[in-house]
Amino acid sequence: MIERLIEQASSYAGDIDGLIVLVAVLVGFWFLIAEGALLALILAFRAKPGRKAEYLTGKEEHVKRWISFPHGLVLICDVFIIVASVQVWYDVKQRLPEPDYVIRVIGQQWAWTFQHPGADGMLDTADDIRTVDDLHVEVDRTYHFQLESRDVLHSFSVPVFRLKQDAVPGRRISGWFRPTRIGRHDVQCAEICGFGHGMMAARITIEDASEHAAWIAATSPAQAP
Amino acid sequence: MSFPKPIATTRSATGIPTGRLAIWWVLASEVVIFGGLLGSYVMHRLGHPEWADAAVHTNTWIGAFNTFVLLTSSLTAVLAHEAAHDGDGKQAAKYLMMTIGGALTFLLVKSVEWGIEISHGYTITANGFWAFYYTAAGLHAAHVIAGAVIMAFIARDAWRGRELQRVELIGIYWHFVDVVWIFLFPLLYIAK
Amino acid sequence: MARAIAHVPHAEAHEHHGPPGILKYVWSTDHKIIAMQYMFTGMLMAVIGGFMAYVFRMQLAFPGISVPGFGVVSPGEYNSLVTNHGSIMIFWVAMPVLIAAFGNFLIPLMIGADDMVFPRINRLSFQIFFVSAVLILASLFVEGGGFGGAWTAYPPLSASAEYNLTALGSTLWLVAVALEFVAFLLGGINFIVTLMNSRAPGMKAYDIPIVCWFIVIAAILFMLSVGPLIAGAVMLLFDQTLGTGFYDPTRGGDPILWQHLFWFFGHPEVYVVMLPAFGIVVEIIATFARKKLFGYKLVLYTAVITGVLSFFVWAHHQFVAGIDPRMANIFTVTTLMISVPVAELCFVIIATLYGGSITLSTPMLWALAFMAEFLLGGVTGIFLGASGADIYFHDTYFVLAHFHYTFFPIAIIGSFAGITYWFPKMFGKMMNETLGKIHFWGTVIPFNVIFIPLFVLGAAGQHRRIYNYQHFPELAGPEFQQLRVIATVALLVMLAFQLVFFANFFLSLRRKEKAPRNPWRANTLEWTTESPPPHGNWPPDEMPKVYRGPYEYSFPGRDDDFWPQNEPV
């Protein structure tokens with residue numbers, strides 16, 4: 001459903017989209033029933049000359065059951081949604097699978113700095129590549145990101161991953177993603193951060209192994225010892 | 001010339017006098033305000049053990065003296081209520097003035113205390129502990145001032161034999177101000 | 001003594017002398033006049049908030065355009081427009097109209113009292129509110145411009161002018177909001193105590209009209225939730241003006257503390273505005289379907305349960321904020337659970353239509369539209385309460401469309417429902433039905449055309465509070481830009497139709513024909529007195545007594561299909 005509007009490019013994007021579809025089906029059902037009942041009752045009980053309205057106190061079983069049965073069913077639907085949501089949440093936010101690479105993402109007013117490991121595959125070494133607003137990752141590799149902010153709250157959002165995490169100054173927050181599709185996509189800041197909040201557009205380039213290696217070789221500032 | 005009270009004010013479907021009902025609701029909202037502030041302080045204090053180094057510089061003796069002053073003023077507020085209950089407006093006003101005297105003493109001692117602390121460099125911007133110290137005690141002091149002002153008006157009316165039921169109400173408020181201080185004193189002066 | 005002379009107008013108002021013309025209204029302590037003061041202030045602020053929406057939607061549809069009536073919108077001005085649009089609509093439109101205006105007007109009348117228990121505090125609360133309204137408007141024109149950190153005002157952005165570039169605007173905004181809180185705390189106490197104590201003889205708790213209950217429950221919710229935010233606001237004010245570091249991580253503070261304090265209030269706040277709107281809808285549906293509310297006690301209990309649960313859901317606004325991920329699961333559970341009593345409330349109201357005799361006058365159209373639109377707002381909230389889905393939807397236009405599908409029915413549809421229903425009682429004239437229906441359709445249809453596209457844009461990953469989506473290649477394409485234009489054009493149409501309302505309002509005031517006491521043949525006590533009611537509402541020796549509940553419509557065996565509460569057995 002969502003993928004008709006925007007691609008899925010991460011390993012968990014499909015799970016998040018699936019959860020959204022589940023919610024859509026369940027609430028869609030309730031929405032149509034409630035609107036349908038509303039409309040049907042309005043049409044069926046328009047004032048007619050000579051017909052008086054009924055006097056119902058709320059204790060009448062035949063009407064009460066139209067409330068208590070849906071009440072129970074709503075509860076059951078909620079339980080389904082909770083279970084599905086907890087599973088997705090756990091997978092994306094509570095666990096950190098073993099990474100192939102670690103990157104650092106630093107938000108500031110008003111740009112993103114991305115610190116990539118160089119050819120040695122390790123962060124915080126001499127061959128690290130720092131870019132502004134230009135993130136490069138390799139497809140089918142698991143990444144940890146370490147998210148920081150230099151000033152105010154920002155939020156690192158990659159819609160094609162369905163990923164989002166606020167960047168809080170004074171903290172380093174970790175998360176993960178695994179790109180599954182090659183392409184170039186938007187990175188947005190998802191927390192208002194001042195005058196230039198709308199100018200913090202960054203790009204993520206997901207490339208295959210050889211292109212990625214070539215990019216590292218071309219942009220790395222020093223050779224690993 | 002006094003304001004003509006609506007019939008609404010004189011009714012009591014709950015059996016509780018209107019004014020008393022109102023003051024308890026006021027206290028409910030105040031509890032949540034101070035609760036939020038003190039809760040935030042406690043959470044920060046737990047996360048910052050180094051604040052104890054700053055807290056050691058509060059003067060527990062001054063704090064204890066001020067606690068004694070406030071407790072005594074609550075006593076005079078109770079005596080004022082008893083006098084009002086007996087219909088003796090003038091006596092109630094006298095006790096209320098003593099309570100105000102207690103408030104002024106409290107504020108005077110606090111001004112001196114803060115003056116000393118500021119002269120030592122312990123200002124509101126010095127660190128997180130002092131920021132909370134001045135904010136919490138300052139918010140409390142603002143309530144002391146407001147209460148004392150309102151109490152003065154009620155004392156004036158009581159002296160003239162009018163609106164004696166309000167003596168109890170300001171007394172209830174005053175006990176609340178006291179209770180807040182009972183929480184502040186250990187949090188700011190004893191926890192070192 | 002000068003003091004005594006100043007007090008004379010109050011006493012003399014009872015004898016219908018007093019200061020000339022407008023001064024009588026400015027210094028009045030009559031709950032009905034204070035209600036009008038809140039209502040007209042709220043309506044004026046709605047026009048201003050609506051103008052802001054017009055400006056920023058024009059910028060979004062036609063980036064870089066010189067907006068007629070405003071000029072070119074800079075990024076900073078854009079942020080200030082969306083910030084103040086939100087703040088004004090919630091604090092200076094929804095709350096004053098739904099709670100203060102309707103609460104002040106209706107509560108004493110509907111419980112058979114002559115005024116609120118503390119009329120002078122009532123007047124004071126409006127005066128404080130008025131000052132807060134002046135301050136928020138003033139904040140837009142000071143050097144640096146208005147505050148632009150969103151109505152949520154997260155620090156460190158909101159705490160430091162170095163980051164927000166609007167030193168004076170930020171502080172004025174904060175003080176305005178704080179004063180508004182004080183005004184509503186004072187007003188709330190009046191409402192609560194009046195409802196508890198000043199009911200007409202014979203009016204038991206379950207004889208009180210639902211709208212009065214709901215407004216008072218809202219006042220209690222407000223009172224119990226706003227405290228921590230007042231504390232937080234004092235801390236933010238000190239960070240802004242004194243240089244403290246409550247929210248500054250470089251000085252041992254915590255930005256997330258503000259979020260918790262804000263949302264602990266912020267979530268109950270949405271129910272604070274929701275309940276009065278639902279209350280208005282209940283009154284109208286019972287009257288125009290000629291039917292007893294299906295389950296008075298059930299409705300009351302669901303409102304109370306919703307209110308209590310609302311204190312336990314706040315962190316669903318903070319799922320991706322950096323809170324401990326394990327906490328998120330707790331809040332998903334509580335958030336989804338709160339959908340149950342709210343759904344129940346909707347079901348009972350819809351069930352009240354069953355077996356009814358429905359007349360689709362303008363107030364009824366608004367009340368039914370409230371249910372139809374709020375349902376969509378409510379169900380779209382489920383997507384956001386489910387933490388796994390919120391990872392994607394947080395801070396997108398999906399959230400924005402969700403809360404407009406709840407807030408617009410609450411603040412706008414609910415207000416129009418109440419105004420069209422009680423206009424005859426408030427002003428002693430009937431409104432024009434034809435103009436009313438034109439205004440209704442011209443508001444509700446465009447409303448949907450504005451916000452359905454925004455659901456789509458949100459689902460496509462468009463984030464909030466961004467002044468120009470042409471900066472984002474994946475959102476800049478014509479298919480998305482078209483949606484933005486459609487939404488903006490629909491807004492222009494909707495704003496144009498509001499002129500019909502204002503025309504109806506003012507033309508109706510000037511009609512010669514007076515409205516009857518009870519044009520809708522309703523049961524509640526406000527309809528037993530003159531339209532408009534005199535000072536004191538009823539002659540002092542004719543204050544009503546109550547003999548039954550408020551919804552005894554179509555009682556079997558009676559000739560009339562209504563049975564006023566004050567009619568002796």
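Start by selecting chains A and C together: their contact takes 75 residues from chain A and 84 residues from chain C. Two residues count as in contact if their C-beta atoms, placed from the backbone, lie within 7 Å. This is a predicted model, in which local features need pLDDT of at least 70 and side-chain atom pairs count only at pLDDT 80 or more, while totals for chains, interfaces and linings use all residues. To find your way, note that residues are numbered from 1 along each chain as its sequence is written, and that chains are lettered from A and ligands numbered from 1 in the order in which they are written.

**Stop 1: the A side of the A–C contact**

Colour helix H1 (13–44), helix H2 (61–94), strand E6 (154–158), E7 and strand E9 (183–189) of chain A; these elements each give two or more residues to the side that touches chain C. Helices (H or I, at least four residues) and strands (E, at least two) are DSSP runs, numbered from the N terminus. Which element gives the most to this side? H2(A) does, with 17 residues. By class, the side of chain A that touches chain C has 45 nonpolar, 16 polar and 14 charged residues. Here Ala, Val, Leu, Ile, Met, Phe, Trp, Tyr, Cys and Pro count as nonpolar, Asp, Glu, Lys and Arg as charged, and the others, Gly among them, as polar.

**Stop 2: chain C against chain B**

Now bring chain B into view. The contact takes 46 residues from chain C and 32 residues from chain B. On the chain C side, H8(C) gives the most, with ten residues. That side divides into 28 nonpolar, 13 polar and five charged residues. Of the two pairs of chains that touch, A and C have the most contacts. Chains A and B do not touch, and their nearest C-alpha atoms are 14 Å apart.

**Stop 3: two domains in chain A**

Hide chains B and C, then select 2–94 and 101–219 of chain A: these are domain 1 and domain 2, with bounds from an automatic or database domain assignment. Their C-alpha centres lie 38 Å apart. Nine residues of domain 1 of chain A are in contact with 13 residues of domain 2 of chain A.

**Stop 4: the sheet with E4 and E7**

Next, show the strands in the order E4-E10-E9-E6-E7 of chain A, an open sheet of five with mixed pairing. Two strands pair if DSSP finds at least two bridges between them. Strand E4 (134–138) and strand E7 (163–167) of chain A each have a single partner strand, so one side of each is left without a neighbour in the sheet. E4(A) pairs with strand E10 (residues 202–207) of chain A in the parallel sense, over five bridges. Zoom in on Glu138(A) to find its bridge partner in E10(A), Glu207(A). Then add helix H3 (residues 209–219) of chain A, which lies across E4 and E10 and runs at about 135 degrees to E4(A). Axes are lines fitted to C-alpha atoms, for helices over the stretch in contact, and angles run from 0 to 180 degrees between N-to-C directions.

**Stop 5: the sheet with E3 and E8**

Finish with the open sheet of five strands in the order E3-E2-E1-E5-E8 of chain A, also with mixed pairing. Strand E3 (129–132) and strand E8 (173–177) of chain A are the edge strands, each pairing on one side only. Strand E5 (residues 143–149) of chain A runs antiparallel to E8(A), joined by five bridges. Select His144(A), and you will find its bridge partner in E8(A), Trp176(A).
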